[in-house]
Each structure stands twice: as C-alpha cells, then as structure tokens.
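This report goes through a single protein chain, from its overall fold to individual side-chain contacts. The sequence and the model are shown first.

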Amino acid sequence: MFLISSSVHGRDEHGRLLRRTLMRYVNLTSLLIFRSVSTAVYKRFPTMDHVVEAERTGNKPILPSGSEMPSF
C-alpha cells in the first residue's frame, strides 16, 4: 500500500481513483493467492461467484468496479 501511495502522485480526483483502483486489484490478487494456499479461505470463497456475492453484501468492495473478470 505504501508503494502505491508513494508512486501515484496527485491530490486530485484522478490520483485518488487510480490509487483506490490499484489497491482493489492488490486486494483481489491477495484473495486469489490466499484462496489457492489456504483451505479456510477456499471454503469461504470456493468459486468466483462467491467472491462477487461477498462484494455485493459487504461494506467494502472486493472486486474493482466496472471490470470484467476472466472465467477460470
């Protein structure tokens, strides 16, 4: 997170949205990695549909907004 915030400059709306989108991708990547190595996380998110559903019901988004996820 520090690397993103220090690399993406700007206090305007574009910089803020870019930092937020990059962090969403980092969080999604972490979730996918944890899902592949942890049984507990895999049980919580067995398919990408479960990840999408968790995004819809949670307070904070998991997937980047407006993005298409590849089918696995």
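The text below covers the fold, the second helix, and then the contacts around it.

**Overall fold**

The model is predicted. Its chain contains four helices and zero strands, and the order along the sequence is α-α-α-α. Of the 72 residues in the chain, 21% are buried.

**Helix H2**

Helix H2 covers residues 13-37. Does its length agree or disagree with the expected rise per residue? With 25 residues at 1.5 Å a residue, H2 should span 36 Å, and the C-alpha atoms at its ends are 36 Å apart, so the two values agree.

The buried residues of H2 are Gly15, Met23, Arg24, Leu28, Leu31 and Arg35. Two arginines, Arg24 and Arg35, are therefore on the buried list, where buried means under 20% relative accessible area.

A nonpolar patch on the surface is formed by Ile33, Phe34 and Val37, with about 320 Å² of accessible area together. Val37 belongs to H2. Its relative accessible area is 64%, and valine 37 is exposed because the cut-off for that class is over 50%.

**The salt bridge**

How many salt bridges does the chain have? The count comes to one salt bridge. The bridge joins the side chains of glutamate 13 and arginine 16, with an N to O distance of 2.5 Å. This distance satisfies the criterion, because a side-chain nitrogen of Arg must be within 4 Å of a carboxyl oxygen of Glu. Glutamate 13 and arginine 16 are three residues apart in helix H2, so about one helical turn separates them. Glutamate 13 is partly exposed at 45% relative accessibility, and arginine 16 is also partly exposed, with a relative accessible area of 38%.

**Arginine 35**

Arginine 35 is another residue of helix H2. What is the nearest side chain of opposite charge to arginine 35? It is aspartate 49, at 9.9 Å, and arginine 35 is buried yet has no salt bridge. The distance of 9.9 Å does not meet the salt-bridge criterion, because that requires atoms within 4 Å. The side chain of arginine 35 does reach the backbone oxygen of proline 46, at 2.8 Å.

**Side chain to backbone contacts**

The table lists contacts between a side chain and a backbone atom.

| Side chain | Backbone atom | Distance |
|---|---|---|
| Arginine 35 | Oxygen of proline 46 | 2.8 Å |
| Aspartate 12 | Nitrogen of glycine 15 | 3.2 Å |
| Serine 7 | Oxygen of leucine 3 | 2.7 Å |

Aspartate 12 lies in the loop between helix H1 (2-7) and H2. At 45% relative accessibility, aspartate 12 is partly exposed. The side chain of aspartate 12 contacts the backbone nitrogen of glycine 15, and glycine 15 is one of the buried residues of H2.

**Helix H1 and its approach to H2**

Serine 5 is located in helix H1 and is partly exposed, at 40% relative accessibility. In sequence, serine 5 and glycine 15 are 10 residues apart, while in space their C-alpha atoms are 9.5 Å apart.

Serine 7 is also placed in helix H1, and its relative accessibility of 46% makes serine 7 partly exposed. The side chain of serine 7 has a polar atom 2.7 Å from the backbone oxygen of leucine 3. Which distance separates the C-alpha atoms of serine 7 and arginine 19? These two residues are 12 residues apart along the chain, and their C-alpha atoms are separated by 9.2 Å.

Technical notes:
Residues are numbered from 1 along each chain as its sequence is written. This is a predicted model: local features need pLDDT of at least 70, side-chain atom pairs count only at pLDDT 80 or more; totals for chains, interfaces and linings use all residues. Side-chain values use heavy atoms; hydrogens and water are left out. Patches are made of residues with over 30% relative accessible area and no salt bridge: like charges are joined within 9 Å, nonpolar side chains (Val, Leu, Ile, Met, Phe, Trp, Tyr) within 5 Å. Accessible areas come from the Shrake-Rupley method with a 1.4 Å probe; for residues, only the protein chains shown count as cover. Buried means under 20% relative accessible area, exposed over 50%, partly exposed in between (1.4 Å probe, protein chains only). The expected span of a helix is 1.5 Å times one less than its number of residues. Lys and Arg count as positive and Asp and Glu as negative; His and the chain ends are not counted. A polar contact is a pair of N or O atoms within 3.5 Å; within protein, one must be able to donate a hydrogen and the other to accept it, and residues adjacent in sequence count only if both atoms are side-chain atoms.
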